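Open the model in your viewer and keep the sequence panel beside it. The stops below go from one selection to the next.

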Amino acid sequence: MLCEIGNEKIELENVELLSPSTVIPSLDDPQINECLEEVRDDLHGKVLIIVNDLFRSTPTAKILGMVGDKIKANKDVKFIVATGSHNPPTQDDLKKIFGSLYDEDRIVIHKSKESPMTDVGVSKAGTKIKVNSEIFKGY
């Protein structure tokens, strides 16, 4: 996938974005199920899944549940909770986000003021763009 950050284009490999507005009404759609089956089949080796916090209405537990058997079987699958600048989620929040897949040993919580960050570019407005360094750890 090609991402444009400022005036630069960065190629991200093995990334697929699904927006909540696409996923929520379409979870029963055969094409979405086919896509999730492909994702399910590719969940081997080291995988980092980025999920949002509870400030978004994404049915994360439901979506992850569709590939849950593969996630449970592969101990190299980890998650990072993309909180942006929100406060970190509580343990109860994490249980709501992950449902039956909740496993605190597999979850990294982004903390905007504490987490190691990597510079990836500058926005058109000249703002430095940094992302959590966890995503560059060989997943």
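Which residue in E4 is the bridge partner of Val 47? Select Val 47 and look across to E4: the partner is Val 77. Bear in mind throughout that this is a predicted model.

**Stop 1: the whole chain**

Show the chain as a cartoon. Its secondary structure comes to 5 helices and 7 strands. Going along the sequence, the elements follow the pattern β-β-α-α-β-α-α-β-α-β-β-β. Of the 139 residues in the chain, 31% are buried. Among the contacts with a separation of 6 or more, 62% are between residues 24 or more positions apart. Switch on the surface if you like: the accessible surface of the chain comes to about 9,200 Å², and carbon and sulfur atoms hold 50% of that.

**Stop 2: the sheet**

Now select E3, E4 and E5. They form an open sheet of 3 strands in the order E3-E4-E5, with parallel pairing. Strand E3 (47–52) and strand E5 (107–109) are the edge strands, each pairing on one side only. From one strand to the next, the twist averages 25°.

Colour E3 and strand E4 (residues 77–82) and follow the pairing between them. These two strands run parallel and are joined by 6 bridges. Besides the pair of Val 47 and Val 77 seen at the start, find Leu 48, whose bridge partner in E4 is Lys 78.

Then move to E4 and E5. Here 3 bridges join the two strands, again in a parallel run. For an example, select Val 81, whose bridge partner in E5 is Ile 109.

**Stop 3: the helix on the sheet**

Add helix H5 (residues 91–98) to the selection. H5 packs on the sheet and touches E3, E4 and E5. The direction of H5 makes about 115° with that of E4. Taken together, E4, H5 and E5 make a right-handed β-α-β unit.

Show the side chains of H5. Which residues to pick out here? Leu 94, Ile 97 and Phe 98 are buried. These three lie on the same side of H5, because they cover an arc of only 80° around the axis. Turn to the other side of H5 and you find Asp 92 and Lys 96, which are exposed. Among the elements that cover the buried residues of H5 are E3, helix H3 (60–65), E4 and E5.

Before leaving the helix, select Gly 99. This glycine follows H5 and has a positive phi, near 55°.

**Stop 4: a residue of H3**

Finally, select Thr 60, which is in helix H3. Is Thr 60 buried or exposed? Its relative accessible area is 9%, so Thr 60 counts as buried, the cut-off being under 20%. To see its surroundings, show the residues in contact with Thr 60, leaving aside neighbours within four places in sequence: they are Val 51, Asn 52 and Ile 97. Ile 97 is one of the buried residues of H5 from the previous stop. Residues 47–52 make up strand E3, where you can look for Val 51 and Asn 52 among the contacts of Thr 60.

Definitions and conventions: Residues numbered from 1 in each chain as written. Predicted model: local features only at pLDDT ≥ 70, side-chain atom pairs only at ≥ 80, totals over all residues. Heavy atoms only, no water. Pairing = 2+ DSSP bridges. Helix = DSSP H or I, 4+ residues; strand = E, 2+ residues; numbered from the N terminus. Axes fitted to C-alpha atoms, helices over the stretch in contact; angles between N-to-C directions. Contact = heavy atoms within 4.5 Å. Buried < 20%, exposed > 50% of the residue type's maximum accessible area, 1.4 Å probe, protein only. Areas by Shrake-Rupley, 256 points an atom, 1.4 Å probe, with all protein chains shown as cover. Arc of directions from axis to C-beta. Right-handed = clockwise from strand over helix to strand, strands pointing away.
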